[in-house]
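Let's take a walk through this protein together, moving from an open space to covered parts and back out to the surface. Please have the model open as you read.

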Amino acid sequence: MNLSQVFLGLGSNLGNRQENMEKALALIAGRVGDILTLSGFYETSSWGYKSTETYLNVVAKVEIGLSPSGLLAATQAIEREIGRKEKTINGEYHDRVIDIDILLYGDLITRTPELTIPHPLMLQRQFVMRPLSEIAPDVHHPVLGKTMEELYRSSEG
């Protein structure tokens, strides 16, 4: 079986955030693949909408044997199991028990109606780029060709 290294971004701002993240990470390790590296946990404000609840965010480097569509199905099943109802409501973001985003899948570049890799909004999100540059500073963005550290530093402003 060919293994791929992927980076997943996780976030939670409802309920026991730490417990939600630990459960999601345990399910990822049990069903998706080996977690090779985990960033620190970061507390951040909501992004793309207003909320009184702060997020807990982390990025995981995972070695998997799943296809991109298989990975998407697995992460969405984990989200539902932990209590996630839908990704957005009428196209708008909202508070969530757990969110799992596929940030990078090796050097793969893909765009389908269900999935875009690399994640199309990752460069706009400090809560993704900071932990990603922490654990993968030398990984290159497959479209831009720059390292995660270079992209994070240029986005700090």
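Strands, in what follows, are DSSP runs of at least two residues marked E, numbered from the N terminus. With that in mind, please note that this is a predicted model, and let's begin with a pocket.

The second largest pocket holds about 170 Å³ of space. Its lining is made up of 13 residues, and those closest to the centre are Arg111, Thr116, Pro118, His141 and Val143. Two strands contribute here: S6 (110-111) and S7 each give at least two residues to the lining. What is the chemical character of the lining of the second largest pocket? Eight of its residues are nonpolar, four are polar and one is charged.

From S7 (116-117), a loop leads on to H3, and leucine 123 sits in that loop. Leucine 123 counts as partly exposed because its relative accessibility is 32%, which falls between the 20% and 50% cut-offs. Leu123 also belongs to a nonpolar surface patch with Ile109, Val143 and Leu144, and together they have about 340 Å² of accessible area.

Next comes helix H3, spanning residues 126-135, which is mostly covered, with seven of its ten residues buried. Those buried residues are Phe127, Val128, Met129, Pro131, Leu132, Ser133 and Ile135.

For our last stop, turn to strand S5 (residues 99-105), where leucine 104 has its place. Is leucine 104 buried or exposed? It counts as buried, because its relative accessibility is 1%, and buried means under 20%. Lysine 61 lies 43 residues away from leucine 104 along the chain, yet their C-alpha atoms are separated by 9.3 Å.

Key
Residues are numbered from 1 along each chain as its sequence is written. This is a predicted model: local features need pLDDT of at least 70, side-chain atom pairs count only at pLDDT 80 or more; totals for chains, interfaces and linings use all residues. Side-chain values use heavy atoms; hydrogens and water are left out. Buried means under 20% relative accessible area, exposed over 50%, partly exposed in between (1.4 Å probe, protein chains only). Helices (H or I, at least four residues) and strands (E, at least two) are DSSP runs, numbered from the N terminus. Patches are made of residues with over 30% relative accessible area and no salt bridge: like charges are joined within 9 Å, nonpolar side chains (Val, Leu, Ile, Met, Phe, Trp, Tyr) within 5 Å. Accessible areas come from the Shrake-Rupley method with a 1.4 Å probe; for residues, only the protein chains shown count as cover. A salt bridge is a side-chain nitrogen of Lys or Arg within 4 Å of a carboxyl oxygen of Asp or Glu. On a 1 Å grid over the protein atoms alone, a cavity is a set of points where a 1.4 Å probe fits but cannot get out, and a pocket is an open set with protein on both sides within 12 Å along at least five of seven lines; lining residues have an atom within 4 Å of a point. Grid points are joined across faces, edges and corners, and a volume is the space filled by probe spheres set on the points. Ala, Val, Leu, Ile, Met, Phe, Trp, Tyr, Cys and Pro count as nonpolar, Asp, Glu, Lys and Arg as charged, and the others, Gly among them, as polar.
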